[in-house]
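Got the viewer open and a selection box ready? Let's take a walk through this one, stop by stop.

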Amino acid sequence: PGLRYVVRYGVRPAAAVMALQSELAAFSFALSARDVGLIAHSCAFVTTGGEGVLCPGVSGTGKTTLAQLLLRHVPDVDVLTDDRAIITLDNDGLTLWGSPWPGAAQIAGAGSAPLATVVFIRHGASCSRRRVRPADAFRRIVNSLSMPVWEPARCGRALEIVDAIVSNAELLELAYPPTPEAADHVGFAQPLGARHGQ
């Protein structure tokens, strides 16, 4: 908020996809250069209670499927993105943001919410959930973030952000089938995790 990033091209790429990828790379640089935040390869949404949920993962883990399930079957949930979310850390804590870089489901929301939960998703024959230890979550989430490896001096702040995520967010793993019934489970219509006494 209050900041604007302008991407200028010597020659603008003919393909819109190439333009978006160029802008994504530039924004990744800008976030890390200012020690503001990171971009996560993830689905992200806001629960009816106003809590941000990040579902990081590589291609094929079910991010697009999850985003589509939530849109179709859990209308009170605000889906921020099906592919790239932004996570920032400041004095007020962690904030999860939508982004203008959608995936196959073409979801690119402009909303935001305090980051409360990280859910590692996977396809399953039935719904199941378990807590994830912070050390395991750290390893898994780093693989989905745009870490500033091009500038090692910036990695310290990036790792602080990851540490804040695994230290403050609820950490879960959730398996689900792509069914309407599973959408309520995934969309937090049913209580999940330690904060709800499980």
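One term before we start: a residue counts as buried when its relative accessible area is under 20%, as exposed when that figure is over 50%, and as partly exposed in between. Keep in mind, too, that this is a predicted model.

**Stop 1: the whole chain**

Show everything as a cartoon. You should find five helices and eight strands, and if you trace them along the sequence the order reads α-β-β-α-β-β-β-β-β-α-α-β-α. The protein chain has 198 residues, and 47% of them count as buried. Switch on a surface and you are looking at about 9,800 Å² of exposed area, with carbon and sulfur atoms supplying 53% of it. As for contacts between residues at least 6 apart in sequence, 65% of them join residues at least 24 apart.

**Stop 2: leucine 38**

Now select leucine 38, in strand 1. Is this residue buried or exposed? Its relative accessibility is 2%, so leucine 38 counts as buried. Draw a distance from its C-alpha to that of isoleucine 86: the two residues are 48 apart along the chain, yet the atoms are separated by 5.9 Å. Expand the selection to what leucine 38 touches, skipping residues up to four places away in sequence, and you pick up Leu31, the run Ala85, Ile86 and Ile87, then Leu145, Ser146, Met147 and Pro148, and finally Ala158, Ile161 and Val162.

**Stop 3: the cavity**

Stay where you are, since Leu38 is also one of the residues that line the largest cavity. A search of the whole structure turns up one cavity of 30 Å³ or more, and the space inside is about 30 Å³. To see its walls, select Ser32, Asp35, Gly37, Leu38, Pro148, Arg154, Arg157, Ala158 and Ile161. Two elements give two or more residues each to this lining: strand 1 (37–46) and helix 4 (155–168). Helix 4 has the largest share, with three residues. Colour the lining by class and you get four nonpolar, two polar and three charged residues.

**Stop 4: the second largest pocket**

Clear that and go to the second largest pocket, with a volume of about 190 Å³. Select Pro56, Gly57, Val58, Thr61, Phe120, Ile121, Arg122, Arg140, Asn143, Ser144 and Glu173 to light up its lining. Which element gives the largest share of that lining? That would be strand 6 (residues 112–123), with three residues. By class, the lining splits into four nonpolar, four polar and three charged residues. Two of the charged ones, Glu173 and Arg122, get a stop each.

**Stop 5: glutamate 173**

Pick glutamate 173 in strand 8 (residues 170–176). With a relative accessible area of 11%, this glutamate is buried. Show side chains as sticks and look for arginine 140: the two side chains make a polar contact at 3.0 Å. Arginine 140 is also part of the pocket lining from the previous stop. Beyond its neighbours within four places in sequence, glutamate 173 is in contact with Phe120, Arg122, Ser128, Arg129, Arg130, Val132 and Arg140. For another distance to draw, try arginine 131, which is 42 residues away in sequence and 6.2 Å away from C-alpha to C-alpha.

**Stop 6: arginine 122**

Step across to arginine 122, in strand 6. Its relative accessible area is 39%, so arginine 122 is partly exposed. Neighbours within four places aside, its contacts are Thr61, Ser128, Glu173, Leu174, Ala175 and Tyr176. From arginine 122 to tyrosine 176 it is 54 residues in sequence, but 6.7 Å in space between C-alpha atoms.

**Stop 7: threonine 95 and glutamine 106**

Next, select threonine 95 in strand 5 (residues 93–97). This threonine is buried, at 17% relative accessible area. Leaving out neighbours within four places, threonine 95 is in contact with Ile86, Ile87 and Thr88 as well as Ser112, Ala113, Pro114 and Leu115.

Finish in the loop between strand 5 and strand 6, where you'll find glutamine 106. What is its phi like? Positive, at about 60 degrees, although this residue is not a glycine. Glutamine 106 counts as exposed because its relative accessibility is 60%.

How values were computed
Residues numbered from 1 in each chain as written. Predicted model: local features only at pLDDT ≥ 70, side-chain atom pairs only at ≥ 80, totals over all residues. Heavy atoms only, no water. 1 Å grid on protein atoms, 1.4 Å probe; cavity = no way out; pocket = protein on both sides within 12 Å on 5 of 7 lines; lining within 4 Å. Points joined across faces, edges and corners; volume = space filled by probe spheres on them. Helix = DSSP H or I, 4+ residues; strand = E, 2+ residues; numbered from the N terminus. Nonpolar A, V, L, I, M, F, W, Y, C, P; charged D, E, K, R; others polar. Buried < 20%, exposed > 50% of the residue type's maximum accessible area, 1.4 Å probe, protein only. Contact = heavy atoms within 4.5 Å. Polar contact = N/O pair within 3.5 Å; in protein donor to acceptor, adjacent residues only side chain to side chain. Areas by Shrake-Rupley, 256 points an atom, 1.4 Å probe, with all protein chains shown as cover.
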